[in-house]
Amino acid sequence: MDYAANLAMTLPELVLAVGAIALMLVAAWGGPASTKAVSWAAVAVLAGALVALTGPASGGGDAFYGLYRADAFAGFAKVLIYIASAVAILLAPTFFKRTAGADLRPEYPVLILLSACGMGMMVSAGDLLTLYVGLELQSLAAYVLASFMRQDTRSAEAGLKYFVLGALASGILLYGISLVYGFTGSTLFDEIAGAFAATPLTGDTRSLGLLFGLVFVFAGLAFKISAVPFHMWTPDVYEGAPTPVTAFFASAPKVAAIALAVRVAVEAMGPAEVQWRQIVIFASLASILLGAVAAIGQQNIKRLLAYSSINNVGFALIGLAAGTPEGVASVMTYMTIYLAMTLGSFLVVLQMRDADGQPLETIASLAGLSRTRPGLAAALAIFMFSLAGIPPLFGFYAKFAVFYAAVQAGLFPLAVIGVVFSVIGAYYYLRLVKTMYFDEPTGTFDEGDKLEGGLIAVAAVFVSPLGYLAIPALSAWTLAAAASLF
Amino acid sequence: MSFPILSLMLAVPAVAAIACLFLSAQAARVTALAATLIDLALGVVLWTSFDVGGAQWQFVEYAPIFGRFGWALGIDGYALLLIVLSVFLMPICIGASWQAIEKRVPEYMAAFLFTEVLMIGTFAAQDLFLFYIFFEAGLIPMFLIIGIWGGVNRIYASYKFFLYTLLGSLLMFIAMLYMSITADTTSIPVLLNYDFPPQVQTWLWLAFFASFAVKMPMWPVHTWLPDAHVQAPTAGSVILAGVLLKLGGYGFLRFSLPMFPEASASLVWLMFGLSAVAVIYTSLVALVQSDMKKLIAYSSVAHMAIVTIGLFAFNAQGIEGAMMVMLGHGLVSGALFLCVGVIYDRLHTREISRYGGLAINMPRYALLFLLFTMASIGLPGTSNFVGELLSLMGTYQVSTTTALLCTTGIILGAAYMLYLYRRVVFGEIKSEDVRAMSDLTPRELWLLVPIAAAVLWMGVYPESFLAPMRKDTQILLARLDRAKPAGDSQPTPGKGNGGTGIVPAAHAETPAHGSAH
């Protein structure tokens with residue numbers, strides 16, 4: 001295999017890496033004045049990476065002797081990642097301009113580009129070390145982003161907390177990787193799968209070591225997707241980070257980490273399905289339950305959405321627990337719809353500003369929104385009912401897909417318990433609707449931004465019943481993506 | 001494919017609902033009324049062009065546009081009658097809200113129109129998941145209607161309504177997933193003839209039961225209903241009692257009975273037991289209510305129990321009777337809630353003790369209220385008589401004890417309804433503000449008189465309503481025949497028994513008939 005073909009397969013990452021480095025130089029020399037230009041250039045780089053995906057980058061080949069996979073699954077995940085990253089860049093200027101004591105600097109789009117590059121490597125990883133390098137690139141950029149409002153103590157705290165806990169999780173993951181390497185003799189997914197297939201997991205030393213490795217790897221991944229019991233950082237980081245960054249955290253890295261978990265589970269540890277399925281089922285149900293119960297008492301909308309993201313990860317994991325191509329396709333379907341709902345919700349949060357333009361974060365400040373800003377209230381109501389999985393909104397189809405896969409795989413107890421827990425989740429989503437529609441207005445919000453308004457409308461239309469028309473295309477695409485893993 | 005009249009009936013209120021959101025209050029009222037009247041006209045066209053005795057499924061539409069499931073619509077006689085009931089009540093609801101709703105009128109009208117779309121969709125859906133989407137989506141507008149325009153305790157009631165019904169439905173959802181995967185189809189007509197193993201049937205039946213029993217509502221999961229009714233605005237109560245409660249009965253009829261006949265037969269005891277308790281218990285509870293809406297809400301639970309026993313009687317009288325009770329109750333309870341609304345609009349209280357002597361200053365109101373009271377009791381000549389009689393006759397053939405217990409409901413029903421009527425309408429006028437209440441306005445007459453006419457029509461000439469469903473009942477009974485439980489009664493055909501006209505060929509199907517000779 002010649003080098004040019006390998007580079008062609010990794011073209012999206014190359015575009016992002018080169019673009020990020022070039023823009024970093026521009027930022028270094030241009031200073032804060034170049035923020036706007038760098039932001040738009042970064043969006044252009046993401047668009048370029050999206051175009052680069054259409055070629056061999058999603059053609060199904062393996063680059064660099066199996067270290068990197070350029071298959072349809074990675075392509076699908078990257079499309080979602082790039083879109084979410086671009087939205088996170090577009091949201092930032094308005095937020096920082098109007099928030100007192102915080103300025104947007106040109107490093108922000110550059111960090112997002114680096115993070116996107118790392119996420120691309122995560123979802124394309126064919127080797128545990130590629131995986132780790134991608135994960136760290138993504139995480140290090142994210143730690144800085146979390147503390148981007150330097151003068152704000154909550155933001156600084158979020159960055160520090162994220163860093164310390166993230167480092168711990170990386171350590172756990174690396175330990176798991178070292179165990180797997182030690183007991184299989186390879187870090188390539190294919191060879192690990194071969195070793196798992198060759199070793200009956202009966203309890204002798206060798207299989208015990210493998211199992212420990214598997215458990216540690218999944219624990220590290222669970223931290224990244226913020227699945228219970230490794231979710232503790234999520235609410236604090238989401239609350240403290242600047243809202244555009246929170247929107248980013250809740251969307252792109254989540255998609256990347258879920259896709260990574262799916263790939264590791266299916267490609268590297270497929271033969272040990274029985275073993276990891278128990279972990280996934282536990283993490284799934286625990287996330288759904290905790291995400292639902294802990295959200296009930298929250299007063300801060302960003303914390304609430306943090307618990308909501310934990311809850312949603314739990315549902316996505318139901319699809320993974322099925323372990324079938326339909327299951328993987330349902331996870332991707334779920335993440336696609338989740339992305340629209342989450343980004344839409346955070347866009348609405350960005351609109352919550354008092355008369356002076358300062359951000360509001362309490363749920364109570366939404367009171368009576370349906371009178372003061374009916375369009376915004378309707379959009380948020382759509383997102384909330386959709387997150388709760390109530391038909392005819394598109395969020396129902398996301399849950400439909402994962403439960404379909406679970407029932408098809410015969411996991412009835414999982415499906416029934418998951419569905420019952422989802423009623424608890426519905427309660428707090430309803431609370432937001434209640435606050436907006438049933439309570440009397442307490443104050444009015446500042447006028448919103450046109451770009452944000454447009455993005456909210458796009459997300460709301462996608463999540464509305466009109467989204468169902470996208471089902472045939474979406475299911476064909478996700479099934480094709482899932483098929484590339486099996 | 002013929003003209004897609006069902007899709008049109010869904011599209012008209014949907015478009016009008018979206019339009020309403022952008023209109024002023026008065027324009028929204030007019031738009032909503034126009035849209036519901038167009039749908040009523042389409043409903044009449046639907047009824048007149050329905051080929052009685054023709055194909056089981058008519059006006060079929062199919063478009064596989066959703067991947068795993070499709071846009072499949074089509075109706076049989078049962079669905080036809082319930083759709084006609086829905087479109088008949090909707091303009092009345094809009095009219096009832098004309099003046100009573102003053103705040104946020106455009107949103108209110110939009111919510112009602114969306115409810116209409118979802119109700120028609122639920123009855124017309126021929127695809128398992130399309131049905132589920134319509135069925136479940138109805139929660140959203142109703143949640144908003146109760147929560148925004150409801151009474152003092154509206155928020156509690158709206159939550160209770162939403163979460164209660166959601167929990168029930170989600171178990172049904174898992175069962176539907178299993179069915180669609182096992183049978184490899186989402187088409188309801190195909191599933192109607194698919195035989196699930198009896199063991200599996202029981203689980204599926206229970207999952208569907210969880211949903212429909214809450215919707216129905218059956219004792220002991222009925223407690224959301226009185227709260228929802230009391231807090232909902234008048235038109236919300238009408239639609240809740242008139243149509244949404246019928247979704248439970250329709251579900252039993254469409255899914256539980258034909259899809260799981262063995263399970264239905266083996267769990268008849270459960271249905272009969274819960275229904276008998278419901279009839280007696282909720283009737284007694286209704287007797288002591290001091291709030292008019294609550295009283296009628298409890299009476300709804302009792303009437304719905306008559307529906308469930310009829311459905312699970314496994315014979316033509318029972319099933320057709322249950323349908324007649326559903327239709328009749330839809331009209332009568334809707335009308336009773338309107339009657340409460342009329343006086344609530346004037347005095348702003350639902351306390352029975354605040355009223356009295358309305359016959360003196362509101363004679364026209366007293367007359368119409370009397371008619372609906374009598375219909376609720378089941379007086380011959382009114383709609384409920386036909387339904388209750390058939391339903392209890394059907395039940396008697398299977399379980400004499402249940403029939404006996406449930407018949408007491410009619411006596412108790414007479415007690416609480418007449419007691420209500422006496423306290424509100426008869427006696428002396430107790431206070432000046434009651435004396436100042438004016439009689440029905442022309443608008444209110446326009447709301448109540450059509451319902452009164454329909455109630456009498458159903459009572460005097462029920463054949464119009466029985467004819468469309470007769471063939472469906474035969475198909476359903478043919479499906480249920482293999483699982484039919486043996487009855488404990490031994491009816492002997494007496495003189496002139498074949499000539500009642502209401503129940504043709506009924507006795508020929510009774511197994512006890514043979515042994516009686």
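**Notebook: salt bridges, interface and selected residues**

I began with A:Lys161, which forms a salt bridge with A:Glu157, the closest N and O atoms being 3.1 Å apart. I note that this is a predicted model. Both residues belong to helix α7 of chain A and are four residues apart, about one turn of the helix. I recorded A:Lys161 as partly exposed, because its relative accessible area is 27%. A:Glu157 also counts as partly exposed, at 42% relative accessibility. I then followed the shared partners: salt bridges join A:Glu157 and A:Lys161 with A:Arg154, A:Asp236, A:Glu239, A:Lys302, A:Arg303 and A:Glu361 into one network.

**Other salt bridges**

I looked up A:Arg69 next and found a salt bridge with A:Asp62, with 3.0 Å between the closest N and O atoms. A:Arg69 is buried at 6% relative accessibility, whereas A:Asp62 is partly exposed at 29%. I also noted A:Asp439 and A:Lys434, whose side chains meet in a salt bridge at 3.6 Å, N to O. A:Lys434 has 18% relative accessibility and therefore counts as buried, the limit being under 20%. Over all chains I entered a count of 29 salt bridges.

**Interface between chains A and B**

How many salt bridges are counted between chain B and chain A? I entered zero for this pair of chains. For contacts, I listed 33 residues of chain B against 35 residues of chain A. The two chains bury about 3300 Å² between them, and 82% of that area is on carbon and sulfur atoms.

**Confidence in chain A**

I checked the confidence of chain A: its mean pLDDT is 89, and 99% of its residues reach 70 or more. Within this chain, confidence is lowest in strand β1 (residues 61-63), at a mean of 82. The highest value belongs to helix α5 (residues 107-124), at 93.

**Surface residues**

I located a nonpolar patch on the surface, formed by A:Tyr3, A:Leu7, A:Leu11 and A:Leu14, with about 360 Å² of accessible area together. The elements giving two or more residues to this patch are α1 (3-9) and α2 (11-30) of chain A. I placed A:Tyr3 in helix α1 of chain A. At 57% relative accessibility, A:Tyr3 is exposed.

A:Leu168, in helix α7 (residues 153-184) of chain A, is exposed as well, with a relative accessible area of 52%. I noted 8.7 Å between the C-alpha atoms of A:Leu168 and A:Gly220, which are 52 residues apart along the chain.

**Buried residues**

Is A:Ser287 buried or exposed? I entered it as buried, because its relative accessibility is 0%. A:Ser287 sits in helix α12 (residues 273-293) of chain A. Beyond neighbours within four places in sequence, its contacts include A:Ala227, A:Val228, A:Ile310 and A:Gly314.

I found A:Gln138 in helix α6 (residues 128-146) of chain A, and A:Gln138 is buried at 3% relative accessibility. Apart from residues up to four places away in sequence, A:Gln138 touches A:Ser115, A:Gly118, A:Met119, A:Met122 and A:Pro253.

In chain B I looked up B:Val398, which belongs to helix α19 (residues 383-398). B:Val398 is buried, with a relative accessible area of 11%. Leaving out residues up to four places away in sequence, I listed its contacts, among them B:Phe272, B:Ala313, B:Asn315 and B:Asp488. B:Val398 and B:Leu85 are 313 residues apart in sequence, and I noted a C-alpha to C-alpha distance of 30 Å.

Notes: Residues are numbered from 1 along each chain as its sequence is written. Chains are lettered from A and ligands numbered from 1 in the order in which they are written. This is a predicted model: local features need pLDDT of at least 70, side-chain atom pairs count only at pLDDT 80 or more; totals for chains, interfaces and linings use all residues. Side-chain values use heavy atoms; hydrogens and water are left out. Patches are made of residues with over 30% relative accessible area and no salt bridge: like charges are joined within 9 Å, nonpolar side chains (Val, Leu, Ile, Met, Phe, Trp, Tyr) within 5 Å. Accessible areas come from the Shrake-Rupley method with a 1.4 Å probe; for residues, only the protein chains shown count as cover. A salt bridge is a side-chain nitrogen of Lys or Arg within 4 Å of a carboxyl oxygen of Asp or Glu. Buried means under 20% relative accessible area, exposed over 50%, partly exposed in between (1.4 Å probe, protein chains only). pLDDT is the predictor's confidence in each residue, from 0 to 100. Contact means heavy atoms within 4.5 Å. Buried area is the accessible area (1.4 Å probe) that two parts lose on being put together, summed over both.
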